[in-house]
Structures are given as structure tokens and as C-alpha cells.
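User: I am new to this structure and would like to understand the words that are used for it. Please take me through them with care.

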Amino acid sequence: MAEPIVAGVAESDLGETPDRNWLDNAGIATVRALEDAGLALEDVDGVAVAGGNDYMPALVLSEYLDLEEPSVLEGTEIGGSSFESFCGHIGDAMARGRADVVVIAYGSTRKTGPGRDQSLEITHPVDGFVRPTGLFRPPGAYAMAAQRHMHEYGTTEEQLAEIAVSTREWASMNPKAAHQDSISVDDVLESRQIAEPFNLLDCCLVSDGGGAVVLASEEKARELGVPEIAVSGVASTSTHRQDISEMPDMTTTGAAVTGPKAFEQAGITPDDVDVAQLYDSFTYTALVTLEDLGFCEKGEGGSFVEGGTTAPGGELPMNTQGGGLSYCHPGHFGVFVLIEAVRQLRGDYTGDRQVDGAEVAVAHGTGGILSSSSTVVLRREA
Amino acid sequence: MSGSEPAPVEDRRDSWEGPVPIPSGANETFWEATLEGELLYQRCEECGTSQLYPRAVCTGCGTTDPPFETSEGVGTVYSYTVCHVPGEPGFSDRTPYAVAAVALEEGPRLLALLDCDPEAVEVGMPLEVTFWQVSEEAAIPVFVPR
């Protein structure tokens, strides 16, 4: 079956954007990604939006961009993995001939905007059980999952810290990254305690910003003459909402289901992956995802990441833009893992930042509190 | 409901500054029982599925309004964290404090504040329920080492 091609990617300005709202950032990212693809707003057949401060984000962005008769409107909200999930839905729409150009977009003012403490949680009956415990969410909930992993598999805080250190090495080469100064395992362990076993440097940063990914049908992409980065496999699932007590097994995420499915669809195995962009809301998120996607055995994530396996020059380059831990994290990081995967496959970088000869990338989104998982396999066509 | 000794209910209405549960729907029965020192969960008569938080449907077979049972109020720490940053208003004087996912003997898990030295907590630690009454309508389950 025809595979959608990623024709363009872009971020809006990142960091602090006090004069913008979420929609501005999504809109700016969209036009920049279209420009990257050699397209214009008038070419757009539809949008897929999640994470905006609005319950009808696809309609809002369509109006904002003044799209004419959009045929694809996607707003399925499954948290930070929504954007990977969109790749599947849009691929289906394109296979049916319903669209040739669809933009996946995200924008946020998580850091400077109003209402960042607001939450829909109060509308859910489980909140009476969770909020009076005082659990600091999301960090405390992820921390609880990490603690269980440490109990079952002997994973250590030092091993979790290795992920923060390796990710920072990548960030040091990214001028757009919020934190570029190098850190050591001790720096992570000595940073402020947040929710045990997490210290501050185990946690993602908080920023404003947006991102967009332009998907084009194969036919359209050929017309454009862009490098053909194909969406070769997509799978999504969920294990619970946002209530960590309801997570069936805190040491296994939905990635254990979506990884094998997406890899099979793409006809690859984890060994074929040249570069991995894995959602890293916390160090543990990346560690458990490495295991669940099959890059190492279950429970061996800790020893796998020791010694710079995921750092520049390592066996599995991961989060090569600096991840949510060091680059940006405006709330739903999932769009940024797609953007970086595409740039690595296109060979956009120079020097150590470019993963040599990268042909196959995996972009993995995690949403809610380890609740939803979506895996996308991207492949550079010869 | 099966009979078991009610757990102690401590009146903390004057000192509690944290969020309070707002009983509604299937939760009303649950919170009403907490005032009497009873921890309820739902157990489906059709398929035997046990569940918490209360819901209008059984997650095993879809039966509507599965009945409540009284938990023995004992379980173990499935996992936990020690919060050094308060997660809710009214918790800033309490840090550091431990929050656990408690595996009840009857099966379901629930999140709860632990009332003990946070550094003493470990996975598998046996716990029993007590209640802190935080409003006219609800007493929150708070677990202590057994």
C-alpha cells in the first residue's frame, strides 16, 4: 500500500513566547513546515491537531489558517502520542484518496501562558481518589513506575541518570536546546529531589513552543521532489487513563504492543533502527520504552544505557535533539520526536550531530501518564 | 457487605487544607462508608471482577452497577514515591511525604497517602487502612504500616 511521505517539518520559536498563544505557535510551525516542503497554505487538505487549549482544536486551527474545505480534520486526544497516531489515520485517508497534503500541528504556551495549571481532572470521578493523596503529578506518578522497575529489576538511580547525561550530550550540539551545558551522573543525583527516585534532572523541562509535520501522498511528494521519508509502520494503544494506580503493570508500557506491530508493518526489527527518538518526559520514560520496543530485554534497560549507548557515537543514537529533558517540552512532546527523526533521515546536520547513514528511524510517543503509546517507523527511500 | 471491624476515623476537618472528594454517582456509596471507617470496592456477582474506583459498569463483563463489598482494609505497597514537591495546595507543610499504590488483598489497587516515616517505606510493605475525615461528606483512606 502507498505510504505517506513526510514532506516537511518545523518548529515554531521555542522557549518563552509570551506574546503568542498556542494557536500562534501551531500556526507558525505549520507555515514553516509547509515552506520546508515547498508547499503553501492553499495546498493543505486538512489538519491534525492535539494538545491545544481547546476542545475542537482541528476546527480552531483550520479557521485560523483559513483553510478552504478541509477534508481531513483530526483531533483525537491521546496525549503526547497523538501525533504518531495521526500518521496512521492520515495514511489511511491518503490511501483512500481523500487528501494529498495534511499537516500535523501542535502549539503551546505551557511556560508563560495563562491557565497552565488548569486541568480537566476535576471532571473525572477518579480525582477524588487521587488528588487528596497529594501526589505530585506527573512526576510522582512516573516516579512510582520507576520505583517499581527498580524493585523488580534492580535498576538504579545512576542508570536512570545515564539517560539524562547522554541526552544532554546531544543537546550540547543543538543551538535550539534550552540546556546545552554538559552534566554528569553525579550532577543528576545531586540535583534537587522532586519525587523519589527522581531528581530535577530526571524530569523534562517546561517550555513554550510548537511543531508541525507535513504529510504528503506519494504522488504529491514525487511532484514536490522532496527527499522521500516514508511512514512505513504505525501502531497505537493505551493501557489506562492518567491514573497510575490503574496501570496494569507499571514496568511495561503500551510500547510493548505498538513496537512489534509497527516494526512488522515496516518489515524491520529493532536491529535495523539507526536512530531512535523516544518520548522522554522523564528518564524512566525513555528507559522503559527502550525495553518495550525491544532494543534490549525486559528489565535490562538500566545496563543497556550504561556507557553512552544512546549518546553521540553510541550504538543506538537516541533523542538526538536533546529530548524533552534538555531541548524543549511544551507539554505534548510527541510532535518533536517526529521532526527530529525526519531531519536525521534527511541528513540535515553536519558533524557529530548527524547519525551517519541513517536510513531507518523510530519515533515513539507516550501520552498521559505512561497511558498511551504510539510507534512510527520512518524510512528513507533510496 | 461482608462484616469486618471498621477502621479508625480521625476527624481532621479543622486542619485539612488539601483537596476534598466530591461524592457523586457511583462514588457516593463509597464516600458515605468512609465516614464509618469502611473501605468499599466493587465485586461483580456475575464474573467476580473486583474494581476500584467505583463505576456504573463492571470492567470484566459489562454488568451494570456491580455491588459493593467491604475490604478488609489491608494490603501491600505495590510501588510508591516520596514527594519533595507538594502536588496539591495544602501539602506544602507536609513534605517529604510518601504516596503509595496500595495493592489491596482483594485485588484492586488504589493510590493513598501513607502516614509514616517516608524513608521507611519499601515495596511489599504490609499496610492497613485508617481514615482522615476531611469534610462533612468524606474521609480519605490513609494507610499505615501494619
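Analyst: What follows is a set of questions and answers on burial, surface patches and backbone angles.

Analyst: This is a predicted model, in which local features need pLDDT of at least 70 and side-chain atom pairs count only at pLDDT 80 or more, while totals for chains, interfaces and linings use all residues. Residues are numbered from 1 along each chain as its sequence is written, chains are lettered from A and ligands numbered from 1 in the order in which they are written, and side-chain values use heavy atoms, with hydrogens and water left out.

User: Why is Thr285(A) called buried or exposed?

Analyst: Buried means under 20% relative accessible area, exposed means over 50%, and partly exposed lies in between, with a 1.4 Å probe and protein chains only. Thr285(A) has a relative accessible area of 0%, and is therefore buried. Its place is in helix α10 of chain A, residues 283-292, where a helix is a DSSP run of H or I with at least four residues, a strand is a run of E with at least two, and both are numbered from the N terminus.

User: Which residues is Thr285(A) in contact with, leaving aside its neighbours within four places in sequence?

Analyst: Contact means heavy atoms within 4.5 Å, and on that basis Thr285(A) touches Tyr142(A), Tyr279(A), Asp280(A), Thr366(A) and Leu370(A).

User: What makes the nonpolar surface patch?

Analyst: Tyr55(A), Met56(A), Leu59(A) and Leu73(A) make this patch of about 450 Å². Patches take residues with over 30% relative accessible area and no salt bridge, joining nonpolar side chains (Val, Leu, Ile, Met, Phe, Trp, Tyr) within 5 Å and like charges within 9 Å; a salt bridge is a side-chain nitrogen of Lys or Arg within 4 Å of a carboxyl oxygen of Asp or Glu. Accessible areas come from the Shrake-Rupley method with a 1.4 Å probe, and for residues only the protein chains shown count as cover. Met56(A), found in the loop between β2 (46-49) and α2 (57-64) of chain A, counts as partly exposed because its relative accessibility is 37%.

User: Which residues gather in the patch of negative charge?

Analyst: They are Glu157(A), Glu158(A), Asp186(A), Asp187(A), Glu190(A) and Glu306(A). The elements giving two or more residues are α6 (157-171) and α7 (185-190) of chain A, and α7(A) gives the most, with three. Asp and Glu count as negative and Lys and Arg as positive, whereas His and the chain ends are not counted; the place of a charge is NZ of Lys, CZ of Arg, CG of Asp or CD of Glu. Asp187(A), in helix α7 of chain A, has 35% relative accessibility and so counts as partly exposed.

User: What is the phi of Glu69(A), and what is that of Asn319(A)?

Analyst: Most residues other than glycine have a negative phi, and most peptide bonds are trans. Glu69(A) has a positive phi near 45 degrees, and Asn319(A) has a positive phi of about 55 degrees although it is not a glycine. Glu69(A), in the loop between α2 and β3 of chain A, counts as exposed because its relative accessibility is 73%. Asn319(A), at 1% relative accessibility, therefore counts as buried.

User: Which residues does a cis peptide bond join in chain A, and which in chain B?

Analyst: In chain A a cis peptide bond joins Arg137(A) and Pro138(A), with omega about 0 degrees, and in chain B one joins Leu52(B) and Tyr53(B), where omega is about 0 degrees.
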